[in-house]
Amino acid sequence: MKKIKYIMYVIIAVSLSSCEKFLTVDPVNAVSDLTPIYDKGSSETALRGVYRQLGAAGYYGETYVTLGYFPSGDITNLTTGGGANLVNVNYRTDEVLFNTAWTAIYDVINRANHVIAKVPAVQDPLLTQALKDKYVGEAKFIRALAYFDLARAWGGVQLFLEPTTSIEDRPQIKRSSLDDTYNQVLNDLIDAENLFPDEVIRIRAPKRTVWALRARLHLYRGQWEQAEEYATKLIEKTADYTLLRPYSAWFANNVVGTRESIFELEFSALNPSAIRSQMQHPTNGGTYRYAPNDRFVQLLNDPNIGGGRSALIKSVTQSGTTIWFGNLYYRLPATDPAYIFRIAEMYLIRAEARAQRDNLSVLDGALADLNEVRDRAGLLPSAAVTKPDVLLAIEEERRYEFAFEAHRWFDLARTGRAKAVLEALDPNTVVSDHEYVFPIPVAQLQLDPNLEKDQNKGY
């Protein structure tokens with residue numbers, strides 16, 4: 001299929017003064033990215049299309065998130081095919097889930113490119129310069145997030161920074177290095193931060209989402225001082241962000257946009273999250289395609305390990321057998337948010353950065369931050385003392401805290417510990433050195449001659 005399809009949704013017109021409704025308006029029909037961006041309304045529609053694709057089933061609506069926890073050592077696959085391969089860390093170039101995520105992420109990038117390129121030239125008195133800056137800033141942030149997610153999954157990738165309408169009109173670009181890809185992420189974040197106001201909007205991307213992604217980016221690059229700096233910017237906003245108690249308070253009881261949330265994507269009955277069905281048991285209207293394995297269920301249910309995070313799982317009893325399933329995504333209709341940044345992550349980023357900088361203090365160092373997260377989960381302070389032990393404790397805390405969010409595999413890959421950890425959990429699992437990054441999907445190699453001979457080494 002030679003054409004890359006870029007779909008945007010035309011939305012019932014609403015005022016952007018109510019940002020909390022930005023993603024929940026109803027789609028009327030779909031239009032191509034070829035539709036001009038010529039006034040305030042069409043600019044808003046184009047930006048909505050960027051957000052909508054960010055939450056698509058191939059990206060944060062399901063597939064990319066599951067890439068983060070399928071190969072975690074904590075999941076049992078209940079079907080055949082792609083899920084089983086990922087759970088077993090048996091990465092194949094023809095794996096459809098890799099291609100689904102890759103395509104969805106590049107679709108986000110292209111939509112963002114249209115906004116970035118076209119909105120500044122719009123002549124409409126209703127589209128003020130402040131609004132132009134805001135829309136472009138949001139698009140640049142989302143493009144940064146998309147390239148970051150590509151980089152941590154596949155390494156350096158092709159950097160397309162101009163809008164295109166088909167594979168034929170894309171510039172002939174080779175893959176960039178991982179450093180250059182991360183540098184592009186940083187450049188977009190610096191630009192975006194200068195365009196944003198400083199405000200609290202949990203389902204949109206204001207200045208503070210830039211700080212969150214910068215904290216995560218610097219963590220992945222081993223830039224500990226900067227990771228600590230940007231995590232601290234958010235942690236210090238105590239009036240706006242806090243660790244909610246009990247643990248389940250940030251996602252249970254149909255809440256939306258709690259003070260735990262820095263950035264999440266909102267779904268609706270007409271635009272449902274795809275992930276709920278796969279996770280939930282049929283008694284709750286799910287298809288139950290994967291589940292926490294027995295070992296992980298025991299860990300989460302251990303009051304000294306999982307603590308309050310046992311709320312992430314739930315069980316039913318059938319014919320005398322207890323059956324466990326994930327319960328982070330549970331709502332009917334499937335309107336659970338996609339959780340992209342939470343304040344808990346900022347505490348654990350700062351804890352890791354401080355530990356790497358040899359500040360292990362229980363008062364103002366790594367252990368202080370780690371113990372904040374543990375205390376919220378109903379756990380006693382960590383017994384770790386040495387730097388290696390503290391780093392391992394942080395790794396384990398991230399494992400439970402973000403059990404069904406897009407972190408665990410990427411944490412093990414970025415620290416180089418995937419082989420040691422996963423093979424110790426399951427002697428049948430073998431992690432090869434080249435599997436610390438995913439293979440470029442074979443469908444993309446066939447589609448784009450610039451990728452044809454540029455597969456990740458070992459595949």
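Which backbone oxygen does the side chain of R202 reach? In this predicted model, local features need pLDDT (the predictor's confidence in each residue, from 0 to 100) of at least 70, side-chain atom pairs count only at pLDDT 80 or more, and totals for chains, interfaces and linings use all residues. Residues are numbered from 1 along each chain as its sequence is written, and side-chain values use heavy atoms, with hydrogens and water left out.

The side chain of R202 reaches the backbone oxygen of S261 at 2.6 Å. R202 is found in the loop between α6 (178-195) and α7, helices here being DSSP runs of H or I with at least four residues, numbered from the N terminus. R202 is buried (under 20% relative accessible area, with exposed over 50% and partly exposed in between; 1.4 Å probe, protein chains only). Even so, R202 has no salt bridge, and D240, the nearest side chain of opposite charge, is 5.3 Å away. A salt bridge is taken as a side-chain nitrogen of Lys or Arg within 4 Å of a carboxyl oxygen of Asp or Glu.

The same loop also holds D198, which forms a salt bridge with R208 of helix α7, so the pair ties together parts that are 10 residues apart in sequence. The closest N and O atoms of R208 and D198 are 2.7 Å apart. R208 is buried at 6% relative accessible area, whereas D198 is partly exposed at 40%. A salt bridge also joins K237 and D198 (3.9 Å, N to O). Helix α7 itself spans residues 207-220, and 14 of its 14 residues are buried.

Note on methods. Helices (H or I, at least four residues) and strands (E, at least two) are DSSP runs, numbered from the N terminus. The expected span of a helix is 1.5 Å times one less than its number of residues. Lys and Arg count as positive and Asp and Glu as negative; His and the chain ends are not counted. A polar contact is a pair of N or O atoms within 3.5 Å; within protein, one must be able to donate a hydrogen and the other to accept it, and residues adjacent in sequence count only if both atoms are side-chain atoms.
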